[in-house]
Amino acid sequence: MKRIISGIVLVTLGVAMAHAAGNATEGKTAYDKSCRNCHGPAGEANPAIAKMMKVDIPNLGSPEVQKMSDEDLSKIITGGKGKMQPMRSVTGKAVDDVVAYVRTLKK
Ligand code: HEC
């Protein structure tokens, strides 16, 4: 019985950790839907949008963005930053997934 319980605890922990880390593959789907228009396919910003919004859109793969914590990135996605509006289409687990995908854009 003890074995079964510790097995369940381990699996639950594993799921919880996988959740915290996010799933980059699912994140890409959400990114393509919610971020790509402005941030480009590889995070290097869409110049036309930047010009239209009259703002510099930082490269998501740059050291400046990559040095932000997962928490900072999640807050920007859900709360917006400067001229970027909160992305209401990205919620819950999808936020972690998008953050995981943004990590793959690192230069
Ligand atoms: C409508 C266009 C638009 C969309 C959609 C958009 N962003 Fe942004 N994003 C911007 C702009 C513009 C800025 C710069 C804001 C500023 O500095 O005023 C920005 C800034 C950021 C930053 C901060 C970079 C820094 O160095 O400060 C991150 C991180 C970011 N976006 C991630 C995302 C992610 C992830 C998504 C999708 C969930 C997303 N954005 C969707 C336009 C957009």
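**Salt bridges, helix packing and the iron site**

Glu26, Lys93 and Asp97 are linked in a network of salt bridges. The model in which this network appears is a predicted one. In total, six salt bridges are present in the structure, and the network is described here before the remaining pairs.

Within the network, the side chains of Asp97 and Lys93 form a salt bridge with an N to O distance of 2.9 Å. Both residues belong to helix 7, where a spacing of four residues separates them by about one helical turn. The two partners differ in their accessibility class. Asp97 has a relative accessible area of 4% and is therefore buried, a class that requires a value under 20%. Lys93, at 35% relative accessibility, is partly exposed.

A salt bridge is likewise formed by Lys28 and Asp32, whose closest N and O atoms are 2.8 Å apart. These residues lie in helix 2, which comprises residues 24–34, and being four residues apart they are separated by about one helical turn. Lys28 is partly exposed at 35% relative accessibility, and Asp32 is partly exposed with a relative accessible area of 28%.

Helix 2 also contains Ser34. With a relative accessibility of 17%, Ser34 counts as buried. When neighbours within four places in sequence are set aside, Ser34 is in contact with Met87, Ser89 and Val90.

A further salt bridge joins Asp70 to Arg103, with 2.7 Å between the closest N and O atoms. This pair connects distant parts of the chain, since Asp70 is located in helix 6 and Arg103 in helix 7, 33 residues apart. Asp70 is partly exposed, its relative accessible area being 37%, and Arg103 is partly exposed as well, with a value of 26%.

The helices that carry Asp70 and Arg103 pack against each other. The axes of helix 6 and helix 7 are 10 Å apart and form an angle of about 120 degrees, and the crossing of the two helices is right-handed. On the side of helix 6, the meeting residues are Asp70, Leu73, Ser74, Ile77 and Thr78, and their counterparts in helix 7 are Val95, Val98, Val99, Val102 and Arg103. Asp70 and Arg103 thus take part both in the contact between the helices and in a salt bridge.

The ligand contains an iron atom, for which the protein donors are His39, through NE2, and Met84, through SD, at 1.9 to 2.1 Å. His39 lies in helix 3, which spans residues 36–39, whereas Met84 lies in the loop between helix 6 (70–79) and helix 7 (93–104), so the pair ties together parts that are 45 residues apart in sequence. The arrangement around the iron atom of the ligand is octahedral, because its six donor atoms subtend angles of 87 to 178 degrees. As to accessibility, His39 is buried, with a relative value of 12%. Met84 has a relative accessible area of 23% and is therefore partly exposed.

Notes:
Residues are numbered from 1 along each chain as its sequence is written. This is a predicted model: local features need pLDDT of at least 70, side-chain atom pairs count only at pLDDT 80 or more; totals for chains, interfaces and linings use all residues. Side-chain values use heavy atoms; hydrogens and water are left out. Donors are N, O and S atoms within 2.8 Å of the metal (3.2 Å for Na, K and Ca); water is not among the atoms, so sites may look incomplete. Four donors count as tetrahedral if all angles lie between 85 and 135 degrees; four count as square planar and six as octahedral if opposite donors are over 155 degrees apart and all others between 65 and 115; anything else is irregular. Buried means under 20% relative accessible area, exposed over 50%, partly exposed in between (1.4 Å probe, protein chains only). A salt bridge is a side-chain nitrogen of Lys or Arg within 4 Å of a carboxyl oxygen of Asp or Glu. Axes are lines fitted to C-alpha atoms, for helices over the stretch in contact, and angles run from 0 to 180 degrees between N-to-C directions. A crossing is left-handed if the near helix is turned anticlockwise from the far one by less than a right angle, and right-handed if clockwise. Contact means heavy atoms within 4.5 Å.
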